[in-house]
Amino acid sequence: MSKRRNQRPSAPKREKVRDIFVARPFEGLADEPEWIALRELVPAASAPLTLRPEVIEEYGDRPITLSTVLPMAWPAMTRQDGRVFIGLQRHVQSGDVSRDLAVAILSALRTEPGDTVSVPALPGEGPRLQDILVDGPLEISMHEGFEYWLDAEQADDPTVKASLERANASIYPTLRLSAGRAAYWCRVAPDKGHVRWVLPDAEDRALDTLARLSASGDLLLGDQTKFAGMFRAHGLLVPVWDIPGEPEGVDWEAPLADFAKRYADTLAETGPLDADARRAKQGLIGRQLTLR
């Protein structure tokens, strides 16, 4: 018998899904800084999303809710009432967060209400959020707990209640500040809090502005505050201030508003940095942490 006749037919090769890295995945969305804040900074918040007419025509019109996080960091879930929830903070992601979220939405829309949503680890070259959503400012609701996840029947389940209590225990007090778009106060310990602000400007320009403010001594929010450093998050900068824990979040509106004015005035400056600002810039770069 010939070797050729002995050979078994080989299984068809699976098409390899290529990962695509996008450094600024939410660019082009009206509320880009808020998308980043909800993904990286805020423990419990939600916002309704509106699908484009052509997506509704293909998949049906079901309410879509963006959530900071879902049970067990699921990428998506469907409730018995037909509502679809999409989680921003999740365990598995590709190099393009926008495409991850779009695929999660479409996967949930293909899933019957109440069933488990299956979402691929890598989305491939499919649509992005910018392709399937009607863009506009996010109508964000802040929550003290995750009860908004549940159907009415689920809220009475003892197992669900116990799980919910554990999830709620992880939430630290957080307030959305009006003095800056995508600015948030939080208290992480009785004697310590943070103010964190996702700056809307291109990273290089924002960094130069912060360097100029640092060189002139205008980087702090007031007495007993400390500039802790910055996050580099999805293509934008997020300065972080350490603040005392005792004042409530609303008390930081005025200090942040004063800083926001200094930042806007300094942002308008053009030309190369002077020697002091260049030194300050190197110091700021050394205090950056990249989030992905």
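Which residue's backbone oxygen lies 3.0 Å from a polar atom of the side chain of Gln-130? To find out, open this predicted model, select Gln-130 in helix H5, which spans residues 129-132, and display its side chain together with Glu-27, whose backbone oxygen is the one in question.

**Around Gln-130**

Keep Gln-130 selected and add Ser-98, because the side chains of these two residues make a polar contact at 2.7 Å, and because Gln-130, at 16% relative accessibility, counts as buried, the cut-off for that term being under 20%. To complete the neighbourhood, show the residues that Gln-130 touches beyond four places in sequence, namely Pro-25, Phe-26, Glu-27, Leu-29, Arg-52 and Ser-98.

**Into the nonpolar core**

From Phe-26, one of the residues touched by Gln-130, the tour passes into the largest nonpolar core, which has 45 residues and in which Phe-26, Trp-35, Leu-38, Ile-105 and Leu-109 touch the most other members. Colour helix H4, residues 97-109, next, since nine residues of this core, its largest share, come from that helix.

Then centre the view on Trp-35 and, setting aside neighbours within four places in sequence, look for its contacts with Phe-26, Leu-29, Leu-49, Leu-66, Leu-88, Leu-101, Leu-129, Leu-133 and Leu-138. A second core, separate from this one, has 27 residues, and selecting Leu-207, Leu-219, Leu-221 and Ala-260 will show some of its members.

**Pocket and cavity**

For the largest pocket, with a volume of about 610 Å³, select Pro-71, Met-72, Trp-74, Met-77 and Trp-149, which of its 29 lining residues lie nearest the centre. Strand S3 (76-78) and helix H6 (158-169) each supply at least two residues of this lining, and H6 gives the most, with five residues.

Turn next to the cavity, of which the structure holds one of 30 Å³ or more, with about 40 Å³ of space inside. Its lining consists of 10 residues, and those nearest its centre are Arg-18, Asp-19, Ile-20, Pro-123 and Gly-124.

**Where to read with care**

Finally, colour the model by pLDDT: the protein averages 91, and 94% of the residues score at least 70. Residues 1-5, however, have a pLDDT below 50, and beyond near neighbours in sequence this stretch has one contact in the model. Where pLDDT is low, the predicted coordinates should not be read in detail.

Definitions and conventions:
Residues numbered from 1 in each chain as written. Predicted model: local features only at pLDDT ≥ 70, side-chain atom pairs only at ≥ 80, totals over all residues. Heavy atoms only, no water. Core = buried A, V, L, I, M, F, W, Y, C linked by side-chain atoms within 4.5 Å. Buried < 20%, exposed > 50% of the residue type's maximum accessible area, 1.4 Å probe, protein only. Helix = DSSP H or I, 4+ residues; strand = E, 2+ residues; numbered from the N terminus. Contact = heavy atoms within 4.5 Å. Polar contact = N/O pair within 3.5 Å; in protein donor to acceptor, adjacent residues only side chain to side chain. pLDDT = per-residue confidence, 0-100. 1 Å grid on protein atoms, 1.4 Å probe; cavity = no way out; pocket = protein on both sides within 12 Å on 5 of 7 lines; lining within 4 Å. Points joined across faces, edges and corners; volume = space filled by probe spheres on them.
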